[in-house]
Structures are given as C-alpha cells and as structure tokens.
Amino acid sequence: MIKSELLRYKKMEIDSFTNTLIDLHKKLVDPENYSMFQDYFQSDKEVLEIVDRLFKDLKHHIYKEEKILFPYLINLSKTKRKEIPFEKPYFETVKNPVEIMKADHEQINENIKRLNEFIENEVSILEKETENIKKIKNFIGYVEKVIYLENKILFPNAITLENKFLTLSKWKDTKH
C-alpha cells in the first residue's frame, strides 16, 4: 500500500472509512474469487480445504463486522458530529467486538500463511508466473490490506473515539 493511500485512509472519518471497508469487503466475498481458487487448486484436496476455510472465515467475519460492529462505528461518527446522542452499545465497549475481529484476522492470516506456503513450496517457478497465480497472490494481498486497515487504523480510531464519549458520559453521570 502506498503512503498517500494510507494517509488518505487515516484522515477519513470513521463512518466514511467504515463505508469504504464495506465496499472493499465486496471483493473479498465475490464468488468469482472463490471459483478462481477452486478451479486452480481442484486437484489438491488439502489446499481446497484451506481455501474453503479461508472463504468461510471471511464471510463469517465480514457478516459480524457489517451487522454488529460497523453500525455502531457509524453511530459513533454521527455522535461526534452531534447528529445523535451517544448510546453505550449492548456489547459494553467497542473493545469487545474488536478483540473478536482481531482473533478472526489471526485465523484468516493463518489460512493465508498456509496458502502462501503451498504456493511457495509446491507451485513450480514457471507456474508462479501464470495469470492465475498472479490473481491468487493479488487476492491474498488484498485480504492482507483490508486486515491491516482494520487492525491499524479503524480499530484504534474507534477505541479512541469511543473512549472520549465514555469519559464524557462518566463525567456527566458524576455531575448529576
């Protein structure tokens, strides 16, 4: 990822960044990507199991993010702009789902590591230059990019913003 792209993401409001990630997620769960992996590795049952696990993990992870975490993050941004009042989430603090998302990322990264090892050790030098392997490696890089953006930008920013509201909320509670 180039520096200017990273800087652009860092400067985004959480709701805009979250919506950008939702768009990025669409590529991750695109059935064409899954088909590409299945077609290429069709003769290797062990690799197909890794591919199946990777795509199942991605789908489940993205579902949790987009249905549980992201709506709350969007509301945090709205609260920051004073569009809506702060409401403590049913999961107590954003740190709780963030820890679950990070654990998901670790599992996804483990599957990617296993795929990369297979490509490195089992795919011939000539095959590594084929369009299919390049597409597969690009997809893997894309997954790693999204995980990086979430772990290094979205989650820390969300925790920082929520902490401001939690601190303010506690302060207001002590005043009454």
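Me: Why is Asp-104 called buried?
Reply: Buried means under 20% relative accessible area, exposed means over 50%, and partly exposed lies in between, with a 1.4 Å probe and protein chains only. Asp-104 has a relative accessible area of 16%, so the residue counts as buried. This is a predicted model, in which local features need pLDDT of at least 70 and side-chain atom pairs count only at pLDDT 80 or more, while totals for chains, interfaces and linings use all residues. Residues are numbered from 1 along each chain as its sequence is written, and side-chain values use heavy atoms, with hydrogens and water left out.

Me: What makes the pair Asp-104 and His-61 a polar contact?
Reply: A polar contact is a pair of N or O atoms within 3.5 Å; within protein, one must be able to donate a hydrogen and the other to accept it, and residues adjacent in sequence count only if both atoms are side-chain atoms. The side chains of Asp-104 and His-61 are joined at 3.0 Å, so the pair qualifies. Asp-104 lies in helix H5; helices (H or I, at least four residues) and strands (E, at least two) are DSSP runs, numbered from the N terminus.

Me: Which residues does Asp-104 touch, not counting residues up to four places away in sequence?
Reply: They are His-61 and Lys-64. Contact here means heavy atoms within 4.5 Å.

Me: Ser-77 lies in helix H4; why does Ser-77 count as buried?
Reply: Its relative accessibility is 1%, so Ser-77 falls under the cut-off for buried. Leaving out residues up to four places away in sequence, Ser-77 touches Glu-13, Ile-14, Asp-15 and Leu-161.

Me: Why is Ile-84 called partly exposed?
Reply: Its relative accessible area is 31%, a value between the two cut-offs, so the middle term applies. Ile-84 lies in the loop between H4 and helix H5 (95–122). With residues up to four places away in sequence left out, Ile-84 touches Asn-75, Lys-78 and Thr-79.

Me: How do you know that the buried residues of H3 line one face of the helix?
Reply: In helix H3 (residues 31–40), the buried residues are Asn-33, Met-36, Phe-37 and Tyr-40. Seen down the axis of H3, they fall within an arc of 95°, so they line one face; the arc is that of the directions from the helix axis to the C-beta atoms. An α-helix has 3.6 residues a turn, so residues three or four places apart point the same way. The face turned away from the buried side of H3 carries the exposed residues Pro-31 and Asp-39.

Me: Which residue caps the N-terminal end of H3?
Reply: Asp-30 does, with a side-chain oxygen 2.9 Å from the backbone nitrogen of Glu-32.

Me: What makes an empty space a cavity rather than a pocket?
Reply: On a 1 Å grid over the protein atoms alone, a cavity is a set of points where a 1.4 Å probe fits but cannot get out, and a pocket is an open set with protein on both sides within 12 Å along at least five of seven lines; lining residues have an atom within 4 Å of a point. The structure holds 1 cavity of 30 Å³ or more. The largest cavity has about 40 Å³ of space, where grid points are joined across faces, edges and corners and a volume is the space filled by probe spheres set on the points. Its lining includes His-25, His-61 and His-105.

Me: What is the volume of the second largest pocket?
Reply: The volume is about 170 Å³. Ser-77 is one of the residues that line the second largest pocket, and H7 gives the most to that lining, with 4 residues.
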